[in-house]
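Please work through the following exercises with the sequence and the structure open beside you, and try each task before reading its solution.

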Amino acid sequence: MKTNLSMPILVILACSSLFACVKDTDFDQAESIALTPVVELDLIYFNLKASDFFDSVTSTPRLTLRDTTELPFLDDNFAQEGLVKADFLFEFTNSIPRRFDVDFQFLNESNVETYSTATVVAQGSSQNIQTTEFTQTVEGNDVTQLTKASKVVVTVMIPSSNENLEGELNLKSKTTYFLEL
């Protein structure tokens, strides 16, 4: 004997859908949702040798070295509107028997400074490599100034140098960006 079950199943599904509980959905709640992504990016790095601070051709010390890194993401609309806070972490390792002053200048397209910070790197030696960590938190009005930057200029200054100086100064850094969308 063949039974056709499709008709009773269809009736049960129709009745279930008519008498099912439905909760009203408040789509206005979607406007109050704030997405807060956290993004970590490598920022800048360098590996300098002690010989970089001495010009062997002219036999004169180079007491200041500069490098510029483009930051194409800071001055775009997304960062300007959504950046709430930025945490910079700079980690130096120094085996050169000198201390260093390091400046970080954030510049806009016209090379006007929009934000700056600085640190001192402890003196090291080949037997006693020094690690210096420097953190900088940028928030509030400083975030607005930071997001106007399109590049960062790193200036490394050494008090004295000569042809016999040995060792290395290394930097690695990262930035944690806190956004609100």
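**Exercise 1: Salt bridges between strands**

At 46% relative accessibility, lysine 49 counts as partly exposed. The model is a predicted one, and the exercises below should be read with that in mind.

Task: Find which side chain meets that of lysine 49 in a salt bridge, and state where in the fold the two residues lie.

Solution: The side chain of lysine 49 forms a salt bridge with that of glutamate 168, with an N to O distance of 3.9 Å, which falls within the 4 Å cut-off. Glutamate 168 belongs to strand 10 and lysine 49 to strand 1, so the pair ties together parts of the chain that lie 119 residues apart in sequence. As for accessibility, glutamate 168 is partly exposed, because its relative accessible area is 33% and the partly exposed class runs between 20% and 50%.

Next, consider glutamate 40 and lysine 174, whose side chains meet in a salt bridge at 3.3 Å, N to O. Here glutamate 40 lies in strand 1 and lysine 174 in strand 10, so this pair ties together parts that are 134 residues apart in sequence. Lysine 174 is partly exposed, with a relative accessibility of 29%. The count of salt bridges comes to 5.

**Exercise 2: The order of the sheet**

Task: Work out which strands stand at the edges of the open sheet, and why one side of each is left without a neighbour.

Solution: Begin with the order of the 4 strands, which is 1-10-5-8 with antiparallel pairing. Strand 1 (38-49) and strand 8 (130-139) are the edge strands, and because each has a single partner strand, one side of each has no neighbour in the sheet. On average, neighbouring strands of this sheet are turned by 15° against each other, direction ignored.

Then look at strand 5 (residues 83-94) and strand 10 (residues 168-179), which pair in the antiparallel sense over 11 bridges. Within strand 10, lysine 174 is the bridge partner of leucine 89.

**Exercise 3: A buried and a partly exposed partner**

Task: For the salt bridge between aspartate 55 and arginine 62, decide which accessibility class each residue belongs to.

Solution: The side chains of aspartate 55 and arginine 62 meet at 4.0 Å, N to O. Aspartate 55 has a relative accessible area of 18% and is therefore buried, the cut-off for that class being under 20%. Arginine 62, with 33%, is partly exposed.

Technical notes. Residues are numbered from 1 along each chain as its sequence is written. This is a predicted model: local features need pLDDT of at least 70, side-chain atom pairs count only at pLDDT 80 or more; totals for chains, interfaces and linings use all residues. Side-chain values use heavy atoms; hydrogens and water are left out. Two strands pair if DSSP finds at least two bridges between them. Axes are lines fitted to C-alpha atoms, for helices over the stretch in contact, and angles run from 0 to 180 degrees between N-to-C directions. Buried means under 20% relative accessible area, exposed over 50%, partly exposed in between (1.4 Å probe, protein chains only).
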